[in-house]
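Visitor: Hi, could you walk me through this model? I'd like to start with the overall fold and then go through some residues.

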Amino acid sequence: MGLAADKQRKHPLASSFKFGFEGIAAAAAKERNVQIHLAISVIVILSGFIFSINKYEWIAIILSIGGMVSMEMINTAIERTVDMYTKEYHPLAKQAKDIAAGAVLVFAIASVMIGIIIFLPRIFAWFS
């Protein structure tokens, strides 16, 4: 492709942010799993303030929340792309969707483990 075609495809930086925020808004508005993760994130953030977690724990929580929501959005993008490509059953389409869902599950398990490590000792201390 020529230089003119490359220039036409590049968006100003502001447009890139706009597209990103539109993607976040669409996922938050339309995707049940993203909505669930965002609701849980609010509870986790409030718990972080209630239990006065330290800055390293906040870093772990922020990375877990950001990673989890990002993984859900990537999973959704893969599912939509596969669905756009074929409406018929195809074993590779199923495998692509299953692998993306598996990636979300792996990150969710890791995030729950991080939450347990950070909050469970505080919850036990609070009740004793």
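Guide: Happy to. Helices and strands here are DSSP runs, helices being H or I over at least four residues and strands E over at least two, numbered from the N terminus. Read that way, the protein chain follows the pattern α-α-α-α-α. Keep in mind that this is a predicted model.

Visitor: How many helices and strands does the protein chain have, then?
Guide: There are 5 helices and 0 strands.

Visitor: And what radius of gyration does the protein chain have, against a compact globule of 128 residues?
Guide: The protein chain has 19 Å, whereas a compact globule with that many residues would be near 14 Å. Its C-alpha atoms fill a box of roughly 65 × 40 × 25 Å along the principal axes.

Visitor: What share of the residues is buried?
Guide: Buried residues account for 23% of the 128. The chain exposes about 9600 Å², with carbon and sulfur atoms supplying 72% of that area.

Visitor: Okay, contacts. Of those between residues at least 6 apart in sequence, what percentage join residues at least 24 apart?
Guide: That would be 68%.

Visitor: Let's go inside. Which residues make up the largest nonpolar core?
Guide: It has 7 residues: Phe51, Ile53, Trp58, Ile61, Ile65, Ile118 and Phe119. Helix H4 (55-85) and helix H5 (91-127) each supply at least two of them. The largest share, 3 residues, comes from H4.

Visitor: What does Trp58 touch, beyond its neighbours within four places in sequence?
Guide: Trp58 is in contact with Ile45, Gly48, Phe49 and Ile53. Ile53 is itself a member of the core, as is Trp58.

Visitor: Where is Ser52, and is it buried or exposed?
Guide: Ser52 is found in the loop between H3 and H4. Its relative accessible area is 57%, over the 50% cut-off, so Ser52 counts as exposed.

Visitor: Anything on the backbone there? What is phi for Ser52?
Guide: It is near 50 degrees, which is a positive value in a residue other than glycine.

Visitor: Switching loops: where does Glu31 sit?
Guide: Glu31 is in the loop between helix H2 (13-30) and helix H3 (32-50).

Visitor: Buried or exposed, that Glu31?
Guide: Buried, because its relative accessible area of 17% falls under the 20% cut-off. Leaving out residues up to four places away in sequence, Glu31 touches Ala26, Thr76 and Arg80.

Visitor: How far apart are Glu31 and Thr76, in sequence and in space?
Guide: They are 45 residues apart in sequence, and 8.1 Å apart from C-alpha to C-alpha.

Visitor: What about Asn75: where is it, and is it buried or exposed?
Guide: Asn75 lies in helix H4. With a relative accessible area of 7%, Asn75 is buried.

Visitor: Which residues does Asn75 touch, not counting those up to four places away in sequence?
Guide: Asn75 touches Lys97, Ala100, Ala101 and Val104.

Visitor: And Gly102, where is that?
Guide: Gly102 is in helix H5. At 29% relative accessibility, Gly102 counts as partly exposed. Gly102 and Asn75 are 27 residues apart in sequence, with 9.3 Å between their C-alpha atoms.

Visitor: Last topic, charges. How far apart are the mean positions of the positive and negative ones?
Guide: They are 6 Å apart, for 12 positive and 9 negative charges in the protein chain.

Note on methods: Residues numbered from 1 in each chain as written. Predicted model: local features only at pLDDT ≥ 70, side-chain atom pairs only at ≥ 80, totals over all residues. Heavy atoms only, no water. Core = buried A, V, L, I, M, F, W, Y, C linked by side-chain atoms within 4.5 Å. Buried < 20%, exposed > 50% of the residue type's maximum accessible area, 1.4 Å probe, protein only. Contact = heavy atoms within 4.5 Å. Rg over C-alpha atoms; globule rule 2.2 N^0.38 Å. Areas by Shrake-Rupley, 256 points an atom, 1.4 Å probe, with all protein chains shown as cover. Lys, Arg positive; Asp, Glu negative; His and termini not counted. Charge placed at Lys NZ, Arg CZ, Asp CG, Glu CD.
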